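Thanks for making the time this morning. I would like to walk through one structure, going from local backbone features out to the chains and then to the space left between them.

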Amino acid sequence: MKNILKINTALILAFLVVSFSQAQDGNNSQQIKVEVDGLSCPFCAYGLEKKLMEIEGITKVEISVEKGEALLSLDGETEVDPERVKAEVKKAGFTPREVTFITSKS
Amino acid sequence: MMKTKDVAWMILWVTISLFSNQGFAQGPPIFTDTPIMLGLEGRGIRTFGRYISRENVKVYVQPLAIPYNINRKWQIGAILPWRNLNPKTEGVGSNSGFGDLNLFTKYQLFQKDGKGKTFRGLIKLSETFPTGNDSKVPAVGSGVNTTGIGFVTGYVTLKYGLYGEIGYNIVSDGSPNNLAYNFAFSYPLLPQKYPPFQLNISVDLNGSTVPEIDQSILFFSPGLQLITGRRFLLETGVQLPLTQSGYGSNKFNYTYTLGTRILIF
């Protein structure tokens, strides 16, 4: 009986440790905000979205033509170079401005 | 030696070609080119049906265009039109088939971007090859090479777009050359967002003149565009002649366009 209790306690502790560790990982999500000049038409932003999605480590691209910016979600494992982000914006036919890393807690 | 009738048909053909290719404005507006070679403006496939009504002939043109962006500043492309000509003249039958192949290239000369706005300009070169059959009257091909050089500019903001275009077309066999000029204003009716769902109106002025034979025309061209996503656009418009001279008894009545642009790459 004691052994069963020990095993159960160990399993519960292990579960709590794993859950806590996962929660810690999930707490910090990283995003990059890049300001883009020349975003004057929504129909021409598709090329920008495609180019930014080609960067390794980017999982999602949200473009706001009203704000003139793109918000990039990161996978949390790959380091993304801001200069690479700017280069892809240029390749897409727009002018990159400030690139900002945003760490948010969920 | 070309007969007068043949020359008349060739001038008609060149004029029709001019207004057929106008629909390959690279994006809004509908009848004028744009200096923005992005999104639906490049790496796409585009086609439209255009019905042209003139006093002596009814023409239906269905061109297929494929532009391709080499890089952000340089685009190449091809346009192949299918034509159907129905003369109203007694004893002249209809004719249809693929017309002349047009190859073009565009290179961006300048770009000035700001938040939610851009000002760009490009140079455009084109060559039309006499690939269409010109052995039957009315001919679907011109039988001549035409070289075009043009300049396209535009100031586009989230609230409106202003566009201008001027082009000179040189016909290889000494036939009259022509000058074409287009201006456009486009206005989005819905809030600008991405992915896009847009309804735009555009109002164009499309002109062409052949100084050698004192021929000129100016169209007023209103149109409507519906963009339902990243890759698909529908557009429609009419061209109504404001002034025209030198067309004799073959004046333009109107043209009607219904078309689509699909991004494939």
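B:Pro195 sits in the loop that connects β9 and β10 of chain B, and the peptide bond that joins B:Tyr194 to B:Pro195 is cis, with omega at about 0°. Please keep in mind throughout that this is a predicted model, and that every value I quote has been computed from it. A second cis peptide bond, again with omega at about 0°, joins B:Val137 and B:Pro138, and B:Pro138 is placed in the loop between β6, which covers residues 117-129, and β7 of chain B.

Most peptide bonds are trans, and most residues other than glycine have a negative phi. With the second half of that in mind, turn to B:Asp214, whose phi is near 50°, a positive value in a residue that is not glycine. B:Asp214 belongs to the loop between β10 and β11 of chain B. Is B:Asp214 buried or exposed? B:Asp214 counts as exposed, because its relative accessibility is 62% and the cut-off for that class is over 50%.

The loop that follows β11 offers a contrasting residue. B:Gly229 is found in the loop between β11, residues 215-227, and β12, residues 232-245, of chain B, and B:Gly229 is buried because its relative accessible area is 15%, where buried means under 20%. B:Gly229 and B:Phe197 are separated by 32 residues in sequence, yet their C-alpha atoms are 5.9 Å apart in space.

Let me now step back to chain B as a whole. Its secondary structure consists of 1 helix and 13 strands, and, read along the sequence, the helix comes ahead of the strands, in the pattern α-β-β-β-β-β-β-β-β-β-β-β-β-β. Of the 265 residues in chain B, 52% are buried. If we take the contacts in chain B with a separation of 6 or more, 58% of them are made by residues 24 or more positions apart. The area that chain B exposes is about 11,200 Å², and carbon and sulfur atoms supply 64% of it.

Chain A has 3 helices and 4 strands, and from the N terminus on these run α-β-α-β-β-α-β. Buried residues account for 37% of the 106 residues of chain A. Among the contacts in chain A between residues at least 6 apart in sequence, 64% join residues at least 24 apart. Chain A exposes about 6,300 Å², of which carbon and sulfur atoms supply 56%.

As one example from within chain A, consider A:Ser73, which is part of strand β3, residues 69-74. A:Ser73 counts as buried because its relative accessibility is 13%. Which residues is A:Ser73 in contact with, leaving aside its neighbours within four places in sequence? They are A:Gln30, A:Gln31, A:Gly57, A:Ile58, A:Thr59, A:Lys60 and A:Glu62.

That brings me to the interface between the chains. The size of an interface is often given as the accessible area lost when the parts come together. Here the area buried between chain B and chain A is about 2,200 Å², with carbon and sulfur atoms giving 57% of it. B:Leu38, B:Arg72 and B:Tyr194 together supply 28% of the area that chain B buries against chain A, more than any other three residues; B:Tyr194 is also the residue joined to B:Pro195 by a cis peptide bond. Counted by contacts, 28 residues of chain B meet 24 residues of chain A.

Finally, the enclosed space. Rolling a probe the size of a water molecule over the atoms shows where empty space is left. There are 3 cavities of 30 Å³ or more, and the second largest cavity holds about 110 Å³. Its lining is made up of 16 residues, and those nearest its centre are A:Phe43, B:Val156, B:Thr157, B:Ser186 and B:Gln192. The elements that give two or more residues to this lining are β7, β8, β9 and β10 of chain B, and β9(B) gives the most, with 3 residues. By class, the lining of the second largest cavity has 9 nonpolar residues, 7 polar residues and no charged residues.

Notes: Residues numbered from 1 in each chain as written. Chains lettered and ligands numbered in written order. Predicted model: local features only at pLDDT ≥ 70, side-chain atom pairs only at ≥ 80, totals over all residues. Heavy atoms only, no water. Buried < 20%, exposed > 50% of the residue type's maximum accessible area, 1.4 Å probe, protein only. Contact = heavy atoms within 4.5 Å. 1 Å grid on protein atoms, 1.4 Å probe; cavity = no way out; pocket = protein on both sides within 12 Å on 5 of 7 lines; lining within 4 Å. Points joined across faces, edges and corners; volume = space filled by probe spheres on them. Nonpolar A, V, L, I, M, F, W, Y, C, P; charged D, E, K, R; others polar. Areas by Shrake-Rupley, 256 points an atom, 1.4 Å probe, with all protein chains shown as cover. Buried area = accessible area lost by both parts, 1.4 Å probe.
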